[in-house]
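I opened my notebook to see how this chain packs, inside and out. Here is the structure I had on screen.

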Amino acid sequence: MRRGLAETIVRLAAILLPVRLRDWGRAMAGELAAIERPGAALAFALGCLAVALRQTLSFHLLHPRRLAASCAIGATGLGLAYMIAAGAPLSYLAINAAALAIGLLAVGVLTEAKRLWRIAGGAVGVGLACVILLTSLFGIAADGATRWISAGGILLQPGLVLVPAVALGFARARDSASLLAILIAALALALQPDRAMAGALAAGMAALALARPGRGVLVLLGAALAAFAATLARADASPAMPFVDRIFTSSFAVHPLAGVAVLAGAALMLVPAIAGYMRDPDHRPIYAMFGAVWLAVILAAALGNYPTPLVGYGGSAILGYLISLLGLPPRPFIRTIGRDAAAMRSEPEEQQPGLRAGLTAAG
């Protein structure tokens, strides 16, 4: 088990490395193969992962979306390592890996589409919120909740996929259409009921109200809190599912390193919000909302029987995290670290892997 975990971690480290350092990844794999003792191999693999994370974070730290994509790859990879150690079915691993690849591809396509056509963000937000509402009315029900739809036989949770993107759409635009989208999403979450995502929406609106108060924000905060209260008033009898719920504690029963991998993956999800809040004062409300929404999702998974994002089994959270990074500012943190940003702009395109390199590695 330790040998397989070490090999998985080294593969993840090779994927995380910037393109110009990919030779290091091949050298790591060769060195690992020469280490006979499983314990020493695992320690070496963890050291490789630490180096890869440090290199990729220093490379991508100037660009919020690239940083978020790298963190998504790292967190999902750590989750795969945990599931391998815990003996999860291979189909679970395949679904999470496929969700990561599809999410990266969707981000790349949507980024290019926004460059070619003007897309009305508010109208898109209303459409996404309506999908959540339709799910609450006509979706798949289980244990008194109606939160899911079937896509090719795989259950998806539209609220987990779309609520973060809808919330960030309002944080960026704050127009009437985006406001309507939040109201529809709040109603849908109350109807489902989905206590975790209603709490995440309320947390995001509270963070936005603190960072950039306004009458519209306060109205939406009240609506989100009302939706959250409605979910609290109804019992949530959903049982804990293996490899999905309660893994922040159960992973340590598998192996202490598996538990550390799960906690590290969850922490990685919050890195873009922290880095952006510290380095980009002009867009602090957006980063505050991004961090608050995903922190609430993580806390819900720690406190109740709700999907553990990225590090647990389930493609919905992976897709939701990647789609939500489109709500982050598209430009590097130039204002606060202009010299580093200028250096990044001067690098040849082939040395800036970004999302395209992530897609290639995931493929």
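These are my entries, from the core outward to the surface.

**Entry 1: the core.** I kept in mind that this is a predicted model. I began with the largest nonpolar core and found 104 residues in it. Leu201 and Met205 have the most contacts inside this core. I then asked which helix gives the most to the core. It is α4, residues 64-86, with twelve residues.

**Entry 2: around Leu201.** I looked up what Leu201 touches, leaving out residues up to four places away in sequence. The list is Val163, Ala167, Ile182, Ala186, Leu189 and Ala224.

**Entry 3: helix α4.** Since α4 gives the most residues to the core, I checked its shape and cover. The helix has 23 residues, and from its first C-alpha to its last I read 33 Å. That is close to the 33 Å expected at 1.5 Å a residue. I also noted that α4 is mostly covered, with 21 of its 23 residues buried. After α4 comes Gly87, and its phi is positive, near 80 degrees.

**Entry 4: Thr8.** Next I went to helix α1, residues 2-16, where Thr8 lies. Is Thr8 buried or exposed? Its relative accessible area is 15%, so I put it down as buried, the cut-off for that being under 20%. Setting aside neighbours within four places in sequence, I found Thr8 in contact with Ala81 and Ile84.

**Entry 5: Ala296.** I found Ala296 in helix α13, residues 284-303. Ala296 counts as buried because its relative accessibility is 15%. Which residues does Ala296 contact, beyond its neighbours within four places in sequence? I noted Gly199, Ala200 and Ala203. I also looked up the pair Ala296 and Gly204: they are 92 residues apart in sequence, yet their C-alpha atoms are 8.4 Å apart in space.

**Entry 6: a patch on the surface.** Last, I turned to the outside and found a nonpolar surface patch of about 520 Å². Its members are Leu134, Leu137, Phe138, Leu187 and Leu191. Two elements give two or more residues to this patch, α6 (121-138) and α8 (176-191). I noted α6 as the source of the largest share, three residues. I picked out Leu134, which sits in α6. With 47% relative accessibility, Leu134 counts as partly exposed, because that class runs between 20% and 50%.

Technical notes: Residues numbered from 1 in each chain as written. Predicted model: local features only at pLDDT ≥ 70, side-chain atom pairs only at ≥ 80, totals over all residues. Heavy atoms only, no water. Core = buried A, V, L, I, M, F, W, Y, C linked by side-chain atoms within 4.5 Å. Buried < 20%, exposed > 50% of the residue type's maximum accessible area, 1.4 Å probe, protein only. Helix = DSSP H or I, 4+ residues; strand = E, 2+ residues; numbered from the N terminus. Contact = heavy atoms within 4.5 Å. Expected span 1.5 Å × (residues − 1). Patch = residues over 30% accessible without salt bridge, like charges linked within 9 Å, V, L, I, M, F, W, Y side chains within 5 Å. Areas by Shrake-Rupley, 256 points an atom, 1.4 Å probe, with all protein chains shown as cover. Salt bridge = Lys/Arg side-chain N within 4 Å of Asp/Glu carboxyl O.
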